[in-house]
Amino acid sequence: MKKFIVETYYTCTFKTVHTLNNLNDQELAKIDSRNDGEVEVIDVKLNNRKTKKIGDSKKSPEKIKKTDGLFSSSVSNKVTDSKNQGIVNDVNPIKVKDNARFKMPDRRKGYIQKAQIGDHKVYLHTGEYDDGKIGEIFIDTNKEGELVKAMMNNFAIAISLGLQYGVPLDEYVDAFIDTKFEPSGNVIGNDRILSASSILDYVFRELAISYLGKEELAHTPSIASTKDITSENADDKFLKIVKNITSKGFVRSNYEEKLVDLSDVRINLKSKN
């Protein structure tokens with residue numbers, strides 16, 4: 001693992017409280033020159049814009065000296081005293097966001113599902129990681145205007161970015177299942193979904209069945225058997241190879257039921273003279 005030296009900057013918000021015997025212009029004019037005020041720390045936040053990686057450059061010590069000179073010694077001492085007295089105990093802990101994006105491989109698996117909702121044809125494209133998890137979707141329709149097509153394409157991009165940043169597919173399924181808008185009605189072309197209340201209801205119902213195994217969202221029972229493919233006998237070398245090259249969403253995790261045994265098939269490749 002690589003180790004980096006990071007120059008971290010914090011933004012400290014504090015206030016100075018002065019006690020005035022008389023509220024007049026003379027007393028207010030003397031506030032700037034008074035050093036008897038009480039310093040109270042309000043908040044301490046991490047400044048992400050200034051925080052950066054540093055190396056062997058000589059500029060970093062000079063910048064630190066300049067920032068140290070912005071505060072007088074009396075104010076800095078009072079800030080440290082207030083910290084020791086427990087004034088900043090209620091400050092929220094500093095949280096650094098982990099913006100790690102798991103990008104899709106350049107050559108990826110997936111499947112295309114064509115279906116018809118009412119008079120509208122919908123094409124659902126999916127992309128998968130090497131382990132079979134879904135990482136992107138594309139939604140195409142045939143009878144929509146340019147505005148609706150642009151909205152659907154950008155909606156699919158937003159969902160894909162969320163999946164690549166770690167948002168679980170369950171969250172999207174719970175949010176968009178049973179949404180109602182036109183087109184809606186009978187679904188033709190999908191063997192597990194017979195009706196949908198909207199395009200989003202159909203799309204995330206299909207994804208939930210194919211990638212999450214939520215059979216309760218399907219309208220027809222699964223044709224494949226309920227045999228557990230995660231058993232020890234199923235995890236042989238050949239089945240592992242099939243899982244690596246087959247789309248999990250296309251076969252809906254039913255690898256054994258989709259296999260065709262060609263062990264007894266012999267092909268004569270000898271050419272005729």
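## Overview of the predicted model

The protein has nine helices and nine strands, and the model described here is a predicted one. Of its 273 residues, 30% count as buried, while the accessible surface comes to about 19,900 Å², with 51% of that area belonging to carbon and sulfur atoms. Among the contacts in the protein with a separation of 6 or more, 58% are between residues that stand 24 or more positions apart.

### Helices α4 and α5

Two packed helices are described by the angle between their axes and the distance between the axes. Helix α4 and helix α5, the latter formed by residues 169–176, pack at an angle of about 145 degrees, and their axes are 10 Å apart. On the α4 side the residues that take part are F155, A158, I159, G162 and L163, and these meet L169, Y172 and F176 of α5. Sorted by class, this contact of α4 with α5 has seven nonpolar residues, one polar residue and no charged residues.

Helix α4, which spans residues 146–164, also holds V148. Together with L147 and M151, V148 forms a nonpolar patch on the surface, and the accessible area of the three residues together is about 320 Å². V148 itself has a relative accessibility of 36%, and it therefore counts as partly exposed.

### Salt bridges

Side chains of opposite charge can pair when their charged atoms come close. A search of the whole structure finds five salt bridges, and the table gives three of these pairs with the distance between their N and O atoms.

| Pair | N to O distance |
|---|---|
| E136 and R108 | 2.8 Å |
| K214 and D170 | 3.7 Å |
| R205 and D178 | 3.2 Å |

In the salt bridge of E136 with R108, E136 lies in strand β7 (residues 134–141) and R108 in the loop between α3 and β5, so the pair ties together parts that are 28 residues apart in sequence. E136 is buried, with a relative accessible area of 11%, whereas R108, at 35% relative accessibility, counts as partly exposed.

K214 and D170 also form a salt bridge, and this pair links distant parts of the chain, with K214 in the loop between α6 and α7, D170 in helix α5, and their positions 44 residues apart. K214 is buried, because its relative accessible area is 19% and the cut-off for buried is under 20%. D170 has a relative accessibility of 33% and counts as partly exposed.

The salt bridge between R205 and D178 likewise links distant parts of the chain, since R205 is in helix α6 and D178 in the loop between α5 and β8, 27 residues apart. R205 counts as buried at 8% relative accessibility. This pair belongs to a wider arrangement, as D178, D201 and R205 are linked in a network of salt bridges.

### The loop between α5 and β8

Most residues other than glycine have a negative phi, and most peptide bonds are trans. D178, which is placed in the loop between α5 and β8, has a phi near 70 degrees, a positive value in a residue other than glycine. P183 is placed in the loop between α5 and β8 as well, and the peptide bond that leads from E182 to P183 is cis, with omega near 0 degrees.

Technical notes
Residues numbered from 1 in each chain as written. Predicted model: local features only at pLDDT ≥ 70, side-chain atom pairs only at ≥ 80, totals over all residues. Heavy atoms only, no water. Patch = residues over 30% accessible without salt bridge, like charges linked within 9 Å, V, L, I, M, F, W, Y side chains within 5 Å. Areas by Shrake-Rupley, 256 points an atom, 1.4 Å probe, with all protein chains shown as cover. Salt bridge = Lys/Arg side-chain N within 4 Å of Asp/Glu carboxyl O. Helix = DSSP H or I, 4+ residues; strand = E, 2+ residues; numbered from the N terminus. Buried < 20%, exposed > 50% of the residue type's maximum accessible area, 1.4 Å probe, protein only. Axes fitted to C-alpha atoms, helices over the stretch in contact; angles between N-to-C directions. Contact = heavy atoms within 4.5 Å. Nonpolar A, V, L, I, M, F, W, Y, C, P; charged D, E, K, R; others polar.
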